[in-house]
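The exercises below concern confidence, aromatic pairs and helix packing. Work through each task before reading its solution.

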Amino acid sequence: MQGERMEGEEKPRRFISSEELRAHNKRTDMWIAIQGKVYDATAWSAIHPGGDLPILTVAGQDVTDAFVAYHPGSVWALLANNPSLPLVGHLSDYRVSEVSKDYRRLVAEFSRLGLFDKRGYGIHIVLSAMLLMFAAVLYGVLRSPSVWIHIGCAAVMGVLWIQSGFLGHDSGHYRVTRSARSTRAIQVLTGNCLAGISIAWWKRNHNAHHLACNSLDFDPDLQHIPFFAVSAEIFRSLTSAFYERKMTFDAVCRALVSYQHWTFYPVMCLARINLFAQSLLLLCSNKRVPGRFLEILGVSVFWIWFPLLVSCLPSWWERGLFVLVSFAVTGIQHVQFCLNHFSSSVYIGPPRANDWFQKQTMGTLDISCAPWMDWFHGGLQFQVEHHLFPRLPRGQLRRVAPFVQELCLKHGLPYDVFSFWEANVRTIATLREAALQARDKAQPVPKNLVWEAVNTHG
């Protein structure tokens with residue numbers, strides 16, 4: 001009969017337009033295209049190692065560049081004959097931009113050179129240094145009666161948390177050891193147990209940041225209402241796709257944002273509190289958390305040893321000073337996180353996978369520093385390179401920077417590099433500009449209950 005296929009005959013291809021693909025972008029209906037092949041990722045999102053949020057963020061699009069950036073060559077085999085990721089057709093209007101072609105060639109070249117497998121620094125040296133710092137803090141607090149020694153120990157604790165943050169960042173992007181199991185153990189030990197930060201929360205947050213770099217409503221690293229707003233666009237009370245709530249710009253928010261260029265550094269000194277809170281909120285939520293029990297156990301270890309250590313100090317004012325100093329020193333790292341993005345270009349809406357390279361370069365900037373200062377920045381100084389090649393160990397970022405600069409120059413894309421001081425100046429200038437706009441009384445602001453109470457009853 002006409003239309004029937006003989007046994008062994010290849011099934012006719014189904015062609016899908018980009019417009020039809022875009023319609024499948026809901027949590028219950030997620031299609032993605034990789035190198036012209038369209039897959040139904042709805043079922044796969046529930047078991048995706050990176051969580052469901054990355055797939056939901058780019059659903060309905062060609063995600064080839066993002067897939068290339070985040071997955072090694074061995075993962076490509078999973079696309080074939082995967083029952084949880086069925087092939088539904090081929091993209092009829094699949095096109096590859098010249099920028100994407102060059103970007104993919106660069107990824108292939110780095111893979112050929114083995115750069116994704118060369119860490120470039122000794123993980124054992126890093127762990128040994130962290131162990132020595134932790135031992136020094138314990139000895140200083142428990143054995144010395146000197147207030148100044150205790151303050152010094154608090155500062156060392158802050159540096160220790162910064163280094164644990166860098167290590168947690170590395171291990172979230174690639175294996176810092178040859179074994180996945182030992183890398184996981186290092187994550188929980190240095191992140192959950194030592195620093196009190198859930199690595200599961202960090203992965204979820206950081207994956208969303210990378211995919212939607214500098215999107216005001218999709219990137220959680222720009223969603224700091226009511227304390228900070230990097231653009232007046234946030235004053236429109238956008239809805240956060242990450243937190244799934246409206247970021248209301250009310251009278252209280254306006255009052256705080258209006259002076260954010262003055263409060264930025266003080267708030268950064270206490271920003272660690274927010275990381276504690278976000279970790280606990282995720283672990284206590286009904287969201288899927290891989291290894292939830294181990295995550296909770298690790299965080300519990302921190303909330304046992306750290307309060308006990310602080311309680312060993314002789315007075316309440318010393319205990320408070322110890323916590324404040326350790327948090328403030330760690331605030332340097334929180335400032336670093338902001339410097340790379342706050343003063344760069346922002347946009348509204350989900351990321352578009354067909355301009356992956358452009359969005360990553362426009363939303364980030366590098367910090368210039370001498371090689372001997374790399375330990376201080378922990379790889380964050382090469383933020384453009386890191387966003388383009390997130391699987392690349394930080395020890396290789398300086399090596400690939402010239403190639404990225406050349407590619408940006410070829411395609412007329414920004415490649416911003418500033419000193420640490422200049423990056424701080426740019427960040428404060430961005431915050432000041434938004435603060436002055438927030439003070440504009442002509443701009444209407446939704447009234448909240450506090451505003452109503454104050455203005456009704458005086």
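**Exercise 1.** Classify Trp303 as buried, partly exposed or exposed, and describe its ring pair with Phe302.

Solution. The model is predicted.
- Step 1. The relative accessibility of Trp303 is 39%. Buried requires under 20% and exposed requires over 50%, so Trp303 counts as partly exposed.
- Step 2. For Phe302 the relative accessible area is 0%, so Phe302 is buried.
- Step 3. A pair of aromatic rings is described by the distance of the centres and the angle of the planes.
- Step 4. The ring centres of Phe302 and Trp303 are 5.0 Å apart, which is within the 6.5 Å limit for a pair.
- Step 5. The planes of Phe302 and Trp303 meet at 85 degrees; planes over 60 degrees apart count as edge-to-face, and therefore this pair is edge-to-face.

**Exercise 2.** State how many aromatic pairs the whole structure holds, and list the cluster that ring pairs build around Phe302 and Trp303.

Solution.
- Step 1. Searching the whole structure gives 25 aromatic pairs.
- Step 2. Besides Phe302 and Trp303, the linked cluster contains Phe134, Trp161, Phe276, Trp305, Phe306, Phe322 and Phe327.

**Exercise 3.** Describe the packing of helix α6 against helix α13.

Solution.
- Step 1. Two packed helices are described by the angle between their axes and the distance between the axes.
- Step 2. Helix α6 covers residues 147–173 and helix α13 covers residues 316–339. Their angle is about 35 degrees, and their axes are 8 Å apart.
- Step 3. The crossing of α6 past α13 is right-handed.
- Step 4. Sorted by class, the contact of α6 with α13 comprises 17 nonpolar, seven polar and one charged residues.

**Exercise 4.** Locate Phe264 and find which residues are in contact with Phe264, leaving aside neighbours within four places in sequence.

Solution.
- Step 1. Phe264 belongs to helix α10, residues 260–269.
- Step 2. Its relative accessibility is 0%, under the 20% cut-off, so Phe264 counts as buried.
- Step 3. With those neighbours set aside, Phe264 is in contact with Phe228, Val335, Cys338, Phe342, Thr427, Ile428 and Leu431.
- Step 4. For Phe228, the separation from Phe264 is 36 residues in sequence and 7.9 Å in space, C-alpha to C-alpha.

**Exercise 5.** Where in the chain is confidence lowest, and where is it highest?

Solution.
- Step 1. The chain has a mean pLDDT of 89, with 93% of its residues at 70 or more.
- Step 2. Confidence is lowest in helix α19 (residues 449–457), with a mean of 40, and highest in helix α12 (residues 292–311), at 97.
- Step 3. Residues 445–458 have pLDDT below 50, and beyond near neighbours in sequence this stretch has 14 contacts in the model.
- Step 4. Residues 1–8 also have pLDDT below 50, with three contacts beyond near neighbours in sequence.

Terms used. Residues numbered from 1 in each chain as written. Predicted model: local features only at pLDDT ≥ 70, side-chain atom pairs only at ≥ 80, totals over all residues. Heavy atoms only, no water. Axes fitted to C-alpha atoms, helices over the stretch in contact; angles between N-to-C directions. Helix = DSSP H or I, 4+ residues; strand = E, 2+ residues; numbered from the N terminus. Left-handed = near helix turned anticlockwise from the far one by under 90°. Nonpolar A, V, L, I, M, F, W, Y, C, P; charged D, E, K, R; others polar. pLDDT = per-residue confidence, 0-100. Contact = heavy atoms within 4.5 Å. Phe/Tyr/Trp six-rings, centres within 6.5 Å; stacked < 30°, edge-to-face > 60°. Buried < 20%, exposed > 50% of the residue type's maximum accessible area, 1.4 Å probe, protein only.
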